[in-house]
Amino acid sequence: TVTEGFLQLALDANRRVQIAACSALSVHIEQLGPTLVPLLDPIFRNLMRALSIYKSKSLMVLFDTMGVLADYVGPAIGEGTLPTIYVPPILHLWIHHPDPLDRILFPLMESLASVALTLGNNFQPWALASYEHAMRTLELGLVGITAAAHDVNLEEDCDPIVCCADLLDGMVEGLRGNFVTLLQSSSTHPPPKFLTLLHTLLSASTPAIRMSAFALLGDLANRCPVVLEPALPTFLREAIHCVNPLYPTVCNNAVWSVGEICVKFRGGNLEVLTPFVSEILERIVPLIVGTAEGIDGDSEDDESLDDEEYDEPKKRSRKRSIVPGLVENASATLGRLARIDPAFIKDDLPRFLSGWCEGLARISDLNERRDAFEGLVMAIQSNPHSILSLPPQQRATTVTALIFAVTSWHIPDASKFVTSELLYGDYAFAPFPVKEVGEGGSELWRQLGLLLRELKRAIGEGWDEMTKMPVNVKRLLAEMYQV
């Protein structure tokens, strides 16, 4: 077979053939994905034979191939005894390599991150060794960048730190609640030492380190929040401080991590969150309304709407969103804050409601979307005059943005955007995805309908003139929301 051919070539003595074979095998895996499951045993055994003979660049390409297997084949790579074929040799090479900061090891750590995430709790036999060596490597890397603080190659010096942070993140995502047990079982790096090192990463001067650190922080808040409890105010303060669009990738992850942390406050411990609320709003609202320094510009890939009259949200957002995902993450975080207590944001709603609705419409993750829309409904219900008290033109814009946000729940799977065809062609809007949303889905659908009906009743006869909805949107609102 083609797979066997690539595996045979991967064992060739020529370095160029090795690299070409592994690269071709990676493409092959990406194309076939889970259909390769019956061949996983010989694939891993051959790759481990290659591991024993490869050097330098060939090794780096081999590690990339291992990561591709985890990403494209999925959990099947963790079934039965398969992990015992490939995890121990990779771990042995990493731990016993004479130079822990050797660049050859960077793709090894990244592939191990993918493996840990994919294997989940099946990675536990190797989790402690991986965790402790990653922590040791982090410490060495931090010493290195401190010594090279004025070196022009500082970004390269940060690479091992970023790779280790990504590996820890993969372990957090895979082990979930068991990650805290892992920390507690470590004699060299127990929880207090982990938290100290995490804070060092979050406050690092290098953006690449902070970006990975905030990804780790957000996943900890999501998967294993108990780890963060002793230092939560410190981490939240650091995340808020880094909501700065002049460093867009750091800002994006910091905003997202603030939202993930906010979720954990619902139902209690508001005394920890409340002192930070005003600063969270000061940092996040400008990202949504487009007044934050550093986010002006045009977005070339926004195809949300093609209709002339129903295009207002797109035109405004094109003036401000050049950081992919930033407005969405900011909108999700704002929704999660409102979901905890709508009083946090209700008085300031008129200033950002329209932009908030536009951002909500773009959120792709269903859990984040559900949380954010629940916060939106609660905020408007707590301050209905936030829309009704607006000047006529601004009110019309805001209502249109709200309808656009609700409509975004009904875009069919085959289409990413609301297009002219969807607005005016054959009716193709999908039902509200109650099952996909999961817990709270049907109640959110009901609350959105109630909100729209109350809004239409309050506006009265001017509703149709104000909204100027395309024919299919009118049908959608009538059939799905009785509006």
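**View 1. Cys22 sits 19 Å from the closest cysteine sulfur, that of Cys163, too far for a bond.** Welcome to a predicted model, starting with its cysteines. Cys22 is buried, and its relative accessible area is 0%. Cys158 is also a cysteine in no disulfide: the nearest cysteine sulfur, again in Cys163, lies 11 Å away. A disulfide requires two cysteine sulfur atoms within 2.5 Å, so the distance of 11 Å rules out a bond for Cys158. With a relative accessibility of 0%, Cys158 counts as buried. By this rule, the count of disulfides in the model is zero.

**View 2. Helices H15 and H17 pack at an angle of about 145 degrees.** Here we turn to a pair of helices. H15 covers residues 270-289 and H17 covers residues 326-340, and their axes are 10 Å apart. The crossing of H15 past H17 is left-handed. On the H15 side, the contact is made by Leu270, Leu273, Val277, Ile280, Leu281, Ile284, Val285, Leu287 and Ile288. Their partners in H17 are Leu326, Val327, Ala330, Ser331, Thr333, Leu334, Leu337 and Ile340. Sorted by class, this contact of H15 with H17 holds 15 nonpolar residues, two polar ones and no charged ones.

**View 3. Phe179 is among the residues that touch the most other members of the largest nonpolar core.** That core has 167 residues, and Phe123, Phe194, Leu273, Ile345 and Trp356 join Phe179 in touching the most other members. Leu273 may look familiar from the previous view, where this residue of H15 takes part in the contact with H17. Which residues does Phe179 touch, not counting those up to four places away in sequence? They are Leu168, Met171, Val172, Phe194, Leu220, Cys224 and Val227. As background, nonpolar side chains in soluble globular proteins tend to be buried together.

**View 4. Thr3, in helix H1, touches Leu39, in the loop between helices H2 and H3.** Our last stop brings together two residues that are 36 places apart in sequence, with 8.5 Å between their C-alpha atoms. H1 spans residues 2-10, while the loop that holds Leu39 runs between H2 (15-32) and H3 (40-53). Is Thr3 buried or exposed? Thr3 counts as buried, because its relative accessibility is 5%. Leu39, by contrast, is partly exposed, with a relative accessible area of 28%. Besides Leu39, Thr3 touches His28, Leu36 and Ile43, leaving aside residues up to four places away in sequence.

Methods:
Residues are numbered from 1 along each chain as its sequence is written. This is a predicted model: local features need pLDDT of at least 70, side-chain atom pairs count only at pLDDT 80 or more; totals for chains, interfaces and linings use all residues. Side-chain values use heavy atoms; hydrogens and water are left out. Axes are lines fitted to C-alpha atoms, for helices over the stretch in contact, and angles run from 0 to 180 degrees between N-to-C directions. Helices (H or I, at least four residues) and strands (E, at least two) are DSSP runs, numbered from the N terminus. A crossing is left-handed if the near helix is turned anticlockwise from the far one by less than a right angle, and right-handed if clockwise. Contact means heavy atoms within 4.5 Å. Ala, Val, Leu, Ile, Met, Phe, Trp, Tyr, Cys and Pro count as nonpolar, Asp, Glu, Lys and Arg as charged, and the others, Gly among them, as polar. Buried means under 20% relative accessible area, exposed over 50%, partly exposed in between (1.4 Å probe, protein chains only). A nonpolar core is a set of buried Ala, Val, Leu, Ile, Met, Phe, Trp, Tyr and Cys residues joined through side-chain atoms within 4.5 Å.
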